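User: Could you take a close look at one part of this protein for me, the second largest cavity and what surrounds it? I'd also like to hear how the aromatic residues are arranged elsewhere.

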Amino acid sequence: MSSQSSSSSLDPLQLSRQFTISEIQIATQNFDDSLVVRSGGFGKVYKGTITNNGESLLDVAIKRLETTSSQGAVEFWAEIEMLSKLRHCHLVSLIGYCNDGQEMILVYQYMPHGTLEHHLHKRGLPLSWMRRLKICIGAARGLHYLHTGTGINHGVIHRDVKSSNILLDDCWEAKIADFGLSKIGPTNQSCTSVSTLVKGTFGYLDPDYVYTGRLTRKSDVYAFGVVMLEVLCGKQAVDRSLGEEQWSLARWAQDSIKKGMLKQIVDANLKGRISHKCLKKFAQLAEWCLQSHLNQRPTMAEVLLGLESVLALQEKSNKILQPSGMTVSGREVPKLIFPSNWEHSVGGISLKSLDIYLYAVESENRTLRRFDFDTINVATENFSNPIFLYYSEDLYKGRLQNGQDISIYKQRYCESYEDKMKEASTLFYLEHKNLVELLGYCIAGKELYFVYNFASCGTLEYWITGSNICAPLIWDVRYKILLGVAQALVYLHNHAPIRVIHCDVTLRKIWLDESWVPRLSGFEFSRCFKIDEPDYIKVDADQCTRGYFIAPEHLRHGHLSTKVDVFNFGYLILQTVFWRTSIGVLVVEAGKQLGVESGLTLRDWLCSNISGADSSQICRCIHIAMLCTEEDANDRPSMDAVIGMLLNTSSHYHTLPLPKKSFYYLWDYVNRGAVKESELLSED
C-alpha cells in the first residue's frame, strides 16, 4: 500500500492530526535517547510533550520507524487506517502522525504505566492478582470489540496480541496497541479466515495459522491464552528458564497442569493470593483458548464472560478473608489494628500489625512488597545517599538490583509511627499519575522504612528555595506542575475510592520526576471520608494541621473541608509564580523592583523575569490564586472549577469573577501595579 493511495482513501488529515518533523523534534528534544520508553519491531518509542490546541501541554508516545525495521509503509498506513476508525476505551488512541521524507512517525496518547510485559517480566511494579485479572478483562473487552464489529461493518483480527502490546494508563486500565499487522474481515462467521503470509511474534503464534496460513479471530484467542499464562506464571511466552527441551510457555504450562502441578506454576509473587476455585477456573479458561482445533476455542465474548466470573470468585474470597471495617464504595476497608502486646512495637504502635493490614488489602488494590533490610541497605549504599540533605535527613535515594531507582523514607524513632501507618493505609487506595506511589516497606527491629517511586528532580521546595544554585524553571514547566497538582486534588476530592482532604499541600510535598511531572506526597495529616459522607468536619485545636499557611477557618475554628486544600493551592500558585516562599517578602520585593515612577506593570515585570512567560496566563493564575485564598471558605471555588479556570488559558484573567475578600490583597497589586507594604501584608 503506497502512502499516496492510503492517504486519499483515508483522508488522514481529517481523521487525525498531521505533525511536521520539526514539531516532533521539539517534542522529543531531537529524539533524545533519554526519552525512549520502549523499543519494538517498528522502532523506538519516545515520551514527548506537544501543545494541545495551542493552549495546554500534553504528554504523548511517539513511535518512530527505523530504517532497519522489517516493517515499513504498509504497516505505517495500516496503523493509521485502523486507529482512525476504531474508538474504544480499551484501545490506544492515535493522536496524529508525521510522514516527512524518510520519516514515518505515529503519535499516541501516553500510557504512564507502560506495558503489561514490563511489569510481568522486567523491573516494573509487581502486579497484584486482582490487578492482573482486571487488566486481562480490559484487554479482552478491547479484543471483543475488534472481533465483533467496530462501526465500519467489519471485524478486525489484531494478529499480534502479546503482553508488550497491552499498554496501561494512569489508572492501570488496559489498552490494546500496535495495529500494524491487523487485518479487516467480515464478522458474520466466527472462523472466517483471511489468507495471508504468516506474521506475528514467536510464542504467541496460533499453530493452525502457522501450518495453513489461515488467519482467523481464533488466532487472536490463542495468543490471548498465552498472555493469560504469562499473567498467571510470570514467565515469558518464550522462556529459556523452562529448560533446554521446551522454551514454549504454552506447552510447558499445559504439560504441568496435566501432571497436576497447577499450583507449582503460579508466579512466586502470587503464592497464597489466589483462591483455589479462582486459580482452577482461570487455568481452564487459558487452556480452552489454547485448543489445537479452531472450533474448540472460545470466542472473545466467552473469554470475557469467563474472566468476569473468575474476578467475582476472587472478590468473594477476598471478602471472607478481610477483617471487618468501614464500607467504602461498596468495598470493605479493613481497620488498622495496633495491639500493644506484639513484638516490635514502639509507644503502643505495632509494626507487625502493618503486615496484617497489607495482607488484608492486597487483593483489593495491589501487591505491596515487603523488602528485607539487606536489600534496602545495599540499594542505598548503607544509607549514604540522602536526597537534598538540607531539607530532610530521612529520605534516601536507592537503586534495586534490577536497576529500578527508588526513594526510601526512614521513620525516626521519636516520630509518630501512627502518622506513617496512616499515610500507608491511605495510599493503598489512591492511584493517580500525580500522586506519589508507595512501592513497599521494610520493618527492621524498631525501624520502619517506606519505599516510594523515585522523583529524580527532587521537590518543588528545593527548586524554589535553592534558587541560588538552581536556575528558575521556565513558565511552561511551572504551569505544568500547577496543573498536575490541581488534577491530583480533583482526584482526591471527587474521584478516588475514598474521598481525601490532603491538609498539607506545600512545596515540600510536591515531588518532581524526570519529566517535571509533579507527584503529591505527604499524607500524614490527611483526612478520609466515605463516598456518601459530607467532607466537612470540626476538629479540636490540637488536631488542626500544622503548617505555615493554613486556611483561616481551620486555624481559628477547627473547621476542615476540601476548601482547606483549595486555600493551600492558591498559596502554592503564588509561590510558583513569584518563585519565593514567603508571600509578603516576594510581593514586596516585586514592588520594589517595579518602582512607582517606572511606569511598569506587574505583567511587564513578570514577563521579563520568567522565561517563556505569557503575561495574560500568569495574571490569570494570580487571579485564580486570589479566588482560592478567599477568607470565607464558601467564596472559594472547588478544585474542579480551578482546573477549568487553569485550562481556559486563552481567556483574559479579568473574565473571572472578582475576589471578595482574599486573604492577601494581591488583586489590587495586579491591577494598580503597586500597593503600600502595610496594605499588602494586612490579613484583616
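Analyst: Going by this predicted model, the protein's secondary structure comes to 24 helices and 27 strands. Of its 684 residues, 56% are buried. If you take the contacts between residues at least 6 apart in sequence, 66% of them join residues at least 24 apart.

Now for the cavity. The structure holds 5 cavities of 30 Å³ or more, and the second largest has a volume of about 90 Å³. If you're wondering how such a space gets found, rolling a probe the size of a water molecule over the atoms shows where empty space is left. There are 14 residues lining the second largest cavity, and R159, Y204, L205, S219 and A223 are the closest to its centre. Sorted by class, that lining has 6 nonpolar, 3 polar and 5 charged residues. Helix 8, which covers residues 217-233, gives the largest share of the lining, with 3 residues.

Let's go through a couple of those central residues. S219 is found in helix 8. Its relative accessibility is 7%, so S219 counts as buried. Once you leave aside neighbours within four places in sequence, S219 is in contact with D206, Y209, R214 and R297.

R159 is the one with the odd backbone. R159 sits in the loop between strand 7 (155-157) and strand 8 (166-168). Most residues other than glycine have a negative phi. R159 is not a glycine, yet its phi is positive, at about 75°. With a relative accessible area of 10%, R159 is buried, because the cut-off for that is under 20%.

It's also worth glancing at T216, in the loop between strand 12 (214-215) and helix 8. T216 has a relative accessibility of 1%, so T216 counts as buried too. Along the chain T216 and I157 are 59 residues apart, but their C-alpha atoms are separated by 6.9 Å. I157 belongs to the range of strand 7, residues 155-157, and R159 is in the loop that comes after that strand.

On to the aromatics. A search of the whole structure finds 13 aromatic pairs. One of them is F76 with W77: the ring centres are 5.1 Å apart and the planes are at 80°, so this pair is edge-to-face. F76 and W77 are both buried. Another pair is W129 with F282, where the centres are 5.0 Å apart and the planes are at 75°, so that one is edge-to-face as well. W129 lies in helix 6 (residues 129-147) and F282 in helix 10 (residues 276-289), so their pairing ties together parts that are 153 residues apart in sequence. W129 and F282 are also both buried.

There's an aromatic cluster to look at as well, made up of F373, F383, Y396 and Y449. Start with Y449, which is found in strand 21 (residues 447-453). At 4% relative accessibility, Y449 counts as buried. Not counting residues up to four places away in sequence, Y449 touches F373, I376, F383, I408, Y409, K410, G440, Y441, C442 and A444. So which cluster members turn up among those contacts? F373 and F383 are both there. I376 is in that list too, and although Y449 and I376 are 73 residues apart in sequence, they are 9.0 Å apart in space, C-alpha to C-alpha.

F383 deserves its own moment. Its place is in the loop between helix 13 (373-379) and strand 18 (395-399). Like R159, F383 has a positive phi although it is not a glycine, and for F383 the value is about 55°. F383 has a relative accessibility of 15%, so F383 counts as buried.

One last ring to check, this time with a charged partner: R64 lies over the face of F31, at 3.8 Å from the ring centre.

To pull the cavity back together, R159 and S219 are among the residues closest to its centre. R159 comes from a loop between two strands, whereas S219 comes from helix 8. In the aromatic cluster, F383 is in a loop and Y449 in a strand.

How values were computed
Residues numbered from 1 in each chain as written. Predicted model: local features only at pLDDT ≥ 70, side-chain atom pairs only at ≥ 80, totals over all residues. Heavy atoms only, no water. 1 Å grid on protein atoms, 1.4 Å probe; cavity = no way out; pocket = protein on both sides within 12 Å on 5 of 7 lines; lining within 4 Å. Points joined across faces, edges and corners; volume = space filled by probe spheres on them. Helix = DSSP H or I, 4+ residues; strand = E, 2+ residues; numbered from the N terminus. Nonpolar A, V, L, I, M, F, W, Y, C, P; charged D, E, K, R; others polar. Phe/Tyr/Trp six-rings, centres within 6.5 Å; stacked < 30°, edge-to-face > 60°. Buried < 20%, exposed > 50% of the residue type's maximum accessible area, 1.4 Å probe, protein only. Lys NZ or Arg CZ within 6 Å of the ring centre and 35° of its normal. Contact = heavy atoms within 4.5 Å.
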